[in-house]
Amino acid sequence: MSEGLAAGTAEQRALELQRAGGVPLPEGEAERIAYELIAAAEEAGKSVDEYVVEYARGLDVKAPAPGMKSAFWSHGVPHPELPPGVLLSNQFVAGVWTEDENALNPGSARYLEGTPGGEVLGQLHLWDSDVYKTLGLNKEQGEALARNAWSALSEEYAKTTDGEAVAFAQTLAPWTVAYETEMPRLRQGTGPENIHFMYDLPEDVLKGLPPESQALLSEGRVRSHLHFIAPDENDPPTQKYWAAGYLDLDHLKSLPTPEAQRAAVLEVCAKVAHLDGREADVEKLTEEVLSLRTEQETAAPGVEEQQPASLSAQTQQTQQTQQTQQTQQTQETPEPQEAAQSGHTPVTPVTPVPAAVGTHGFNYMVGFTPEPKKVIPGPHGGPRPAEPTQAPPAPAKAHGTDIGM
């Protein structure tokens, strides 16, 4: 057993990493980093912002072996030793998990900040106020530069993931790198079926839903598509996936049956899959949505179907075609139980996918309830994190060496 596994609980070790990462830079180090960036940008004929993002995108985040588990993270968890309002960043939880996985099975897991590229970008300390002030940037500009650089690196990291993607997050906020940048790449690459979450959904999300709907929302391949924060119609968000991936929980809980709820959830997944360019999945999902709603109409023709007004034009067109075909089949086969003889083949429902296969399963941080960081209104596009979405990387010594529907 490694020293890491023997030295305290996972959450305590993660806290130690966070504290170590918060130590101020040595005197003069921030100025050295900033001046080197300015000089390199001038030599390349680019602005500092352009240079840093391009530099980050070219760093090495390739997986050293095929099929590795790759950790992703967002937000943080409360810790009793931290003051109110301060969270233990899931970055460090992901780092400790990676160390533990590799101690049990060497070379089996990785996380962004532990990759060669993550370590190099971390050494620029872009979140440090002394660094961005020396670059001539204010707080908003400095944090935007750091966020854009880490987002570029994160996108490349997600592209190289071909095994399980293990997400340390309870829910995904639509403005975060995890939701807007990483999840689309993972769904297109390793696939939704290989995305797993290490924390359960909050009780307020699942409360009031039947077991079938709770199980559906808890599947990683479904969770990777969804969020629960409504876009502001008066200030439309710039993020590509915000509107498409929003699931209205109040509307969902008002639907009368698990089948109707399933159709509503899968419809949102279909909208997100369409933005991903996963048209084969869009077709499968749309077919199941239409099949579920047709069954509801057949079972209870007097009950008006509760369908979101935002049903996409593509889905409406498909529904119209399917309904015409269904009408023809019904004329030939009036009784529902005879449908099998009419040639209509019901779409096979999405089967549950097991939770993440890892050392600790879902409840990695036993006794802790993950929660999003506090948000404040932004100048455009809805709420924004009050703190950076990507925490400063831990020191080098802290680094350890996964939906088609």
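**Close-up 1. A salt bridge within helix 8 of the predicted model.** Glutamate 143 and lysine 139 both belong to helix 8, where they sit four residues apart, about one turn of the helix. Residues three or four places apart in an α-helix point the same way, because such a helix has 3.6 residues a turn. The two side chains form a salt bridge whose closest N and O atoms are 2.8 Å apart. Glutamate 143 counts as buried, at 15% relative accessibility, whereas lysine 139, at 48%, counts as partly exposed.

**Close-up 2. A salt bridge between helix 5 and helix 2.** Glutamate 99 pairs with arginine 13, the closest N and O atoms being 3.3 Å apart. Since glutamate 99 lies in helix 5 (residues 90–104) and arginine 13 in helix 2 (residues 10–21), the pair ties together parts that are 86 residues apart in sequence. Glutamate 99 is partly exposed, with a relative accessibility of 23%, while arginine 13 is buried, with a value of 7%.

**Close-up 3. The buried side of helix 4.** Val48, Tyr51, Val52 and Ala56 are the buried residues of helix 4 (residues 48–57). Around the axis they cover an arc of only 125°, and therefore they lie on the same side of helix 4. Their cover includes helix 3 (29–44), helix 6 (116–122) and helix 8 (139–159).

**Close-up 4. The salt bridge of arginine 278 and aspartate 276.** The closest N and O atoms of this pair are 2.7 Å apart. Arginine 278 is buried, with a relative accessible area of 9%, and aspartate 276 is buried, with a relative accessible area of 9%.

How values were computed: Residues numbered from 1 in each chain as written. Predicted model: local features only at pLDDT ≥ 70, side-chain atom pairs only at ≥ 80, totals over all residues. Heavy atoms only, no water. Buried < 20%, exposed > 50% of the residue type's maximum accessible area, 1.4 Å probe, protein only. Helix = DSSP H or I, 4+ residues; strand = E, 2+ residues; numbered from the N terminus. Arc of directions from axis to C-beta. Contact = heavy atoms within 4.5 Å. Salt bridge = Lys/Arg side-chain N within 4 Å of Asp/Glu carboxyl O.
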